[in-house]
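Colleague: I should like to request a close look at a single part of this predicted model, namely the surroundings of its bound molecules. Please keep the account suitable for a first-year student.

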Amino acid sequence: MLESLCNDITTHREFSYLLLRRFQGMGRAFVLRSDLQDEYQALAAEHPEPPPEHSPLVQLVEDVQEAVIAAPWVCLSVRPRVGRWWYLRIHADELAVEPLTVGEFLAFKEHLVSPRRLHDKPLEFDIGAFQRNFPSMRESRSIGRGLEFLNRKLSSQLFDRDGVGLHKLFLFLREHRSNGRQLMINDRLRDVDTLRSAIRAAEKRLRTHSHDTPWADVAHALQDLGLEPGWGKDVGRVLESLRLLSDLLEAPSPETLERFLARIPMIFSMLILSPHGFFGQANVLGLPDTGGQVVYILDQVRALEREMHRRLEEQGLDIQPRILVMTRLIPEARGTTCDQPEEAISGTQNAKILRVPFRNRDGEVVSQWISRFEIWPYLERYADDVETRVKAELGGRPDLIVGNYSDGNLVATLLSARMQVTQCNIAHALEKTKYLYSDLYWKDNEDQYHFSCQFTADLIAMNAADFIITSTYQEIAGTDHAIGQYESYDAFTLPDLYRVVKGVDVFDPRFNIVSPGADAEVYFSYQDTERRIRGLHEELEEMLFGGPHPEGRGVLADPDKPVIFTMARLDRIKNITGLVSWYANSPELREQANLVVIAGYVDGSRSSDREEQEQIGHMHHLFDEHGLDGQVRWLGVRLDKVLSGELYRFIADRKGVFVQPALFEAFGLTVIEAMVSGLPTFATLYGGPLEIIEHGRSGYHIDPNHGDEAARTLMAFFQRCAEDPNHWARISEAGMRRVEARYTWQRYAERMMTLSRIYGFWKYVTNLERAETRRYLEMFHALQYRPLAARLEG
Ligand code: UDP
Ligand code: LCN
């Protein structure tokens, strides 16, 4: 690779020289891929002999992610394919090419940001050192399908070694208990051979019974043979389970293993952690830090409880699954239920929200909301209190711990290690990719965002998890040319703090893509007339098209125009003000459609969040500057789910569209909500929506950095709809189909339940426990995270 590149540079010496000069001439120390490519294109267009299309030099420019200009060197990070990186530097005058290690590349960056570095050899975090003996995937297309890989890889290893693996499987079956009651097999069975005999004898006994004979009728007979409840609710199901196990003992295959494990009653209780934010079932959405994560968890809990019930019932067990969602108790709850220690979750039989307050270092309860960027010092004490509360509630430890977001995942890490429970992480959003150079210039952002704490917590939690669920592929590994959210933790540096040469491995089989859905009870097609809630239409009519709104700004002068709708928290990243400004600057779009915005507060004094206050001010400024009051309706309201569900459909009735203009959106629940309601959706191409929407088919991608182009895409759509009345319906229909096929909670729950069983199994039978990694992470936590977090508490 390097040799052919050197040869190519020699062949195209003049071109290479001019290209490097151009890079240097940009006058920036760090240049990103798109700018490097623009420079290349410009030179190729004017140069008489540019290198041919597939030459190594052109390929390099195609694959390069970032240039670090440290005269006379131009250092490059190159990503030839998803998840794979190499580094080099080229001498701009001599055109000498030299490979760099990742550490050397990062050192160049550090030097430019912090010329008087504290250390020449800073602390390096390198998780790669612990992974040598651990199975890792090779192909980019396998990323996010860790379960399949692990099953294939480990089942062949496990069952190869003369019966050792089967014996472990046998021991695993003996582990299962619920409330002290033995399940699956009892101690009459001593080893795999006695288990085999018991299966044969049981099959023989059951043959005389019809398949619908309930478990209770055969329980005694089977117990004598060593079999306990958990095999199935009736003889048909018991026989199926026995045959699956018998097949597995005879000739193990990953498929049989997965099908068999999916039946084992392993998960009766679950702890879900979501510490920050206002977590409740009403009046919380749109409050600072409270958005999709809350919606996701509540829908997830309902779907999981249903699935846990279904599986337990099929296995003949009359056990109530327990799901606890643990969040922060906030005494100053602003009219929400967040000051209540306990809240039953509607739509479930037994699930509840438990709230435990944060305590300061003197042990006093912290009464006010604290931004997610500031909560780091409280988490360890919080984990202690949560452990006590959960054990009291469940009478023991849960069977699975699920963390959410950086804080929840850190608490999950602490609790899983202490209680020896399988740990699942869900990121929702990793802040690192949201803010350009959030790592390199961490010091500049430290006052406001404390990324040093957050990224350290992320590194610890993502390497401690037994498995990680992501909503999309791009969340892990990006696309051919864009880096993934997890991938951005692969190598980075926080100058003068520490350097990460291997932060996470996106080829690690712990990653699994399990996409969320939109609550099908609430978000459904505008065409589903029978389920529509017409009783709300008068209220919606008034809300959108009525006179001045007490919590709004703008009165739509021409209510007959279609509506461009957007709804989000009023974060800077959500870029709602960006959309308003594109609209404001496009006279054609203003002519074609109205804009309805639901976000934040119109009265800035009601907000306690810095970013939100700033956005509110900006929004008013745009209204004033562009005279938007007759064309934009801005509502600072928080809609409950039922109302927002009908609102999407109400706008679809009027042939409107939905726009999600974020600078970056990790997944984007509003995108699937709008699509499944039938609203043609225009969403950012940075993040999850890139994968959710197929551009031009089931919606449109827009580039938030090119607002004029985004406005033109919207314009073109409205124009085409005017010419072809079927166009709106085609996109609307395809959007609905897309969500129904891929983003449903039922599919999610099935997958999640299978994953937790299988990762739990592998954790038990192999050394996947990764004890060395854990100790390394504990040290990183104690020596790096703790002092950083403590600084925040003053
Ligand atoms: N939402 C809402 N009312 C609001 C603002 C948001 O119901 O005033 C809901 C919205 O329907 C979606 C969620 O909050 O379910 C936002 O999730 P998304 O993934 O789009 O963004 P996040 O806020 O998590 O970044
Ligand atoms: C957080 C986000 O920023 C969104 O993109 C996701 O949709 C949401 O969490 C749910 O995972």
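Colleague: By class, which residues does the shell around ligand 1 have, and how many of each?

Modeller: In this predicted model, the shell around ligand 1 has eight nonpolar, five polar and five charged residues. In total, 18 residues surround ligand 1. The closest of them are Gly-292, Arg-569, Lys-574, Leu-669 and Glu-673.

Let us turn to individual contacts. Glu-673 has an N or O atom in its side chain that is 2.5 Å from an oxygen atom of ligand 1. Leu-669 takes part through its backbone: one of its backbone N or O atoms lies 2.8 Å from an oxygen atom of ligand 1. For Thr-670, a backbone N or O atom is found 3.2 Å from an oxygen atom of ligand 1. Taken alone, ligand 1 exposes 540 Å², and the protein buries 92% of that area. The space that ligand 1 takes is the largest cavity. Two elements give two or more residues each to the shell around ligand 1: helix H12, which covers residues 292-314, and helix H23, which covers residues 669-677.

The surroundings of ligand 2 belong to the same picture, since the space taken by ligand 2 is likewise described as the largest cavity. The residues around ligand 2 include Gly-292 and Leu-669, and both of these residues are also among the closest to ligand 1. Others around ligand 2 are Gln-293, Tyr-296, His-428, Ala-429, Glu-665, Ala-666, Phe-667 and Gly-668. Helix H12 gives the largest share of the shell around ligand 2, namely three residues. By class, the shell around ligand 2 divides into five nonpolar residues, four polar residues and one charged residue.

Here too, particular atoms can be named. A polar atom in the side chain of Glu-665 lies 2.4 Å from an oxygen atom of ligand 2. In the side chain of His-428, a polar atom lies 2.7 Å from an oxygen atom of ligand 2. Ala-666 contributes with its backbone, where an N or O atom lies 3.4 Å from an oxygen atom of ligand 2. On its own, ligand 2 has 290 Å² of accessible area, of which the protein covers 92%.

Key
Residues are numbered from 1 along each chain as its sequence is written. Chains are lettered from A and ligands numbered from 1 in the order in which they are written. This is a predicted model: local features need pLDDT of at least 70, side-chain atom pairs count only at pLDDT 80 or more; totals for chains, interfaces and linings use all residues. Side-chain values use heavy atoms; hydrogens and water are left out. A residue is near a molecule or strand if one of its heavy atoms lies within 4 Å of it. A polar contact is a pair of N or O atoms within 3.5 Å; within protein, one must be able to donate a hydrogen and the other to accept it, and residues adjacent in sequence count only if both atoms are side-chain atoms. Accessible areas come from the Shrake-Rupley method with a 1.4 Å probe; for residues, only the protein chains shown count as cover. On a 1 Å grid over the protein atoms alone, a cavity is a set of points where a 1.4 Å probe fits but cannot get out, and a pocket is an open set with protein on both sides within 12 Å along at least five of seven lines; lining residues have an atom within 4 Å of a point. A molecule sits in a cavity or pocket if more than half of its atoms lie within 2 Å of its grid points. Helices (H or I, at least four residues) and strands (E, at least two) are DSSP runs, numbered from the N terminus. Ala, Val, Leu, Ile, Met, Phe, Trp, Tyr, Cys and Pro count as nonpolar, Asp, Glu, Lys and Arg as charged, and the others, Gly among them, as polar.
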